[in-house]
Amino acid sequence: TDIAFSGNMCVITTKPGYASAVSVPIDSRGIPEVLGTIAGDNTILLVLREGFDKDALMDVLCELFPSIKLL
């Protein structure tokens, strides 16, 4: 439902109960910009590598979840 960046962190907000299901394909995709994720009920914290490319990350996330383009 939302995505926001701060420094080398990205927070993705999902519908209640969906965060874990959304984080699994992110982790299994092996996205070079992502060190890892922590998922709660409706929030995912992505820890990003230093010097990450936000546009490259968003391109991969849009491939996985096309509705991100609408945010």
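Let me start with the largest pocket, which in this predicted model has a volume of about 300 Å³. If you look at the residues that line this pocket, there are 13 of them, and the closest to its centre are Thr1, Thr13, Thr14, Val22 and Ser67. Taken by residue class, the lining of the largest pocket divides into seven nonpolar, four polar and two charged residues.

From the pocket I would like to move to the strands, and in particular to E3, which covers residues 34-39, and E4, which covers residues 43-48; these two pair in the antiparallel sense, and the pairing runs over five bridges. Within that pairing, Thr37 stands opposite Leu46 in E4, and the connection from E3 to E4 is a hairpin through three residues.

Now to the charged side chains. How many salt bridges does the structure hold? There is one salt bridge in the structure, and it is formed by Glu63 with Arg29, whose closest N and O atoms are 2.8 Å apart. This pair links distant parts of the chain, since Glu63 sits in helix H2, residues 54-64, while Arg29 belongs to helix H1, residues 19-29, and the two partners are 34 residues apart. As general background, side chains of opposite charge can pair when their charged atoms come close.

Are the two partners buried or exposed? Glu63 has a relative accessibility of 53%, and because the cut-off for exposed is over 50%, Glu63 counts as exposed. Arg29, with a relative accessible area of 41%, is partly exposed.

Conventions. Residues numbered from 1 in each chain as written. Predicted model: local features only at pLDDT ≥ 70, side-chain atom pairs only at ≥ 80, totals over all residues. Heavy atoms only, no water. 1 Å grid on protein atoms, 1.4 Å probe; cavity = no way out; pocket = protein on both sides within 12 Å on 5 of 7 lines; lining within 4 Å. Points joined across faces, edges and corners; volume = space filled by probe spheres on them. Nonpolar A, V, L, I, M, F, W, Y, C, P; charged D, E, K, R; others polar. Pairing = 2+ DSSP bridges. Helix = DSSP H or I, 4+ residues; strand = E, 2+ residues; numbered from the N terminus. Salt bridge = Lys/Arg side-chain N within 4 Å of Asp/Glu carboxyl O. Buried < 20%, exposed > 50% of the residue type's maximum accessible area, 1.4 Å probe, protein only.
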